[in-house]
Amino acid sequence: MAMLQRYRDSQRINHWIVVLLFFCAGLSGLAFFHPSLFFLSSLFGGGPWTRILHPYMGLGMVLAFVFLALKMWRDNLWTPVDTEWIRQSTELIAGTDKTASHQAYKYNGGQKVVFWVMVVSLLVLLVTGFMFWHAWFPEGNILMRRIAVVLHSASAAMLILTIIIHVYAAIWVKGSMRAMTRGTVTETWAAHHHPLWHKEMKERPRA
Ligand code: HEM
C-alpha cells in the first residue's frame with residue numbers, strides 16, 4: 001500500500017514526551033484539585049513530593065510543547081477551507097455527510113481549533129503557575145495569587161477536555177494513530193481526510 005510521510009522521528013519523539021509530561025503534570029495537579037483526588041499524589045511519592053514536582057513537570061510539558069508548536073504552527077494557520085470544514089462538521093459528527101466534501105490541508109478546521117486551544121491554555125497555565133510558585137516566588141500579592149489559582153484550574157480543565165477530544169479523534173479517525181506511532185499514513189487516508197495536503201504531497205518533487 002502506498003504510504004506518505006506525515007511526521008519525522010524527532011517530531012514523534014517530541015509529541016510523546018509532551019504526552020508523558022501532560023499525564024505527569026495533569027495527574028499531580030488533579031491531586032491538589034479536590035481531596036477525593038489526593039490519592040493520586042501516591043504516584044509521585046506523597047503530598048510534599050507531588051507539590052515539589054508538579055511545577056517542574058508542568059514547565060517541562062510547556063517547554064516540550066514549544067518545540068512541537070514551533071514545527072506545527074504554520075500548518076495550523078486558519079484558511080477559508082477551515083471555516084467551511086467547521087460549517088460542515090455537525091454533519092460529519094452526525095454521520096450524515098454523504099454528499100459533503102471535507103476539504104483540509106495538513107490539518108482540518110477541528111484540529112486547528114484544538115491546536116490553538118492547546119497553545120492558549122498552556123500559556124495561561126505557564127503564566128499563572130509562576131504567579132503562585134511559592135518555592136521560587138515567595139513574595140506576591142494575595143489577590144493576584146488567588147485569581148491566578150482560579151485561572152490555572154480553569155485552563156487545566158480546558159486543556160484536559162481538549163486532550164480528551166484530541167485522543168478521541170485520533171482513535172475515531174481510523175489510520176491516524178499510525179501517523180504518530182510510525183510516522184506514515186496511507187494515501188487513501190490522506191486523500192480522504194486531508195485532500196489538499198495529499199495533493200501537495202503528490203505534486204512535491206521527490207528528493
Ligand atoms: C494519549 C494521548 C495522545 C494521543 C493518543 C495523541 C495522538 C495524536 C495523533 C495520532 C496525532 C496525529 C494527528 C494527525 O496527524 O492528523 C497527534 C497530533 C498532535 N498532538 Fe497528540 N496525542 C495525545 C496527546 C497530546 C497532548 C497531551 C498534546 C499537547 C498538549 C498533543 C499535541 C498534539 C499536536 C500539537 C499535534 C499536531 C496536530 C496539530 O497541530 O493540530 N497531543 N496526536
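What share of the 207 residues in the protein chain do buried residues make up? The share is 37%. The model described here is a predicted one.

**The chain as a whole**

The protein chain contains 8 helices and 2 strands. Their order along the sequence is β-α-α-α-α-α-α-β-α-α. Measured out along the principal axes, the C-alpha trace spans about 55 × 35 × 30 Å. Among the contacts in the protein chain with a separation of 6 or more, 69% are between residues 24 or more positions apart.

**The iron site**

The ligand carries an iron atom, which is coordinated by NE2 of H15 and NE2 of H166 at 2.0 Å. H15 belongs to helix α1 (residues 9-33) and H166 to helix α5 (residues 142-172), so this pair ties together parts of the chain that are 151 residues apart in sequence. The site of the iron atom has 6 donor atoms, and the angles among them run from 86 to 179°. Its geometry is octahedral.

Are H15 and H166 alike in how far they are covered? H15 has a relative accessible area of 14% and is buried, because buried means under 20%. H166 has a relative accessibility of 32% and therefore counts as partly exposed.

**The shell around the ligand**

The ligand is surrounded by 24 residues, and the closest are R6, Y7, H15, N76 and H166. Three of these residues have a side-chain atom paired with an atom of the ligand, as the table lists.

| Residue | Ligand atom | Distance |
|---|---|---|
| R6 | oxygen | 2.7 Å |
| Y7 | oxygen | 2.5 Å |
| H166 | nitrogen | 2.8 Å |

In each row the side-chain atom is a polar one, an N or O atom in the cases of Y7 and H166. H166 thus appears both here and among the residues that coordinate the iron atom.

Several helices take part in the shell. At least two residues each come from α1, α2 (47-72), α4 (109-131), α5 and α6 (177-181). Which helix gives the most to the shell? Helix α1 does, with 6 residues. By type, the shell residues divide into 18 nonpolar, 5 polar and 1 charged.

**Two further residues**

T128 is found in helix α4, one of the helices that supply the shell around the ligand. With a relative accessible area of 5%, T128 is buried, because the limit for buried is under 20%. A polar atom in the side chain of T128 lies 3.4 Å from the backbone oxygen of L125. Once the neighbours within four places in sequence are set aside, T128 touches A148, L151 and H152.

Is F32 buried, partly exposed or exposed? F32 has a relative accessible area of 36% and is partly exposed. F32 sits in helix α1, the helix that also holds H15. Apart from neighbours within four places in sequence, the residues in contact with F32 are G47, T50, R51 and H54. F32 and T184 are 152 residues apart in sequence, and 39 Å separates their C-alpha atoms in space.

Note on methods. Residues numbered from 1 in each chain as written. Predicted model: local features only at pLDDT ≥ 70, side-chain atom pairs only at ≥ 80, totals over all residues. Heavy atoms only, no water. Donors = N, O, S within 2.8 Å, 3.2 Å for Na, K, Ca; no water. Tetrahedral: all angles 85-135°; square planar, octahedral: opposite > 155°, others 65-115°. Helix = DSSP H or I, 4+ residues; strand = E, 2+ residues; numbered from the N terminus. Buried < 20%, exposed > 50% of the residue type's maximum accessible area, 1.4 Å probe, protein only. Near = heavy atom within 4 Å. Polar contact = N/O pair within 3.5 Å; in protein donor to acceptor, adjacent residues only side chain to side chain. Nonpolar A, V, L, I, M, F, W, Y, C, P; charged D, E, K, R; others polar. Contact = heavy atoms within 4.5 Å.
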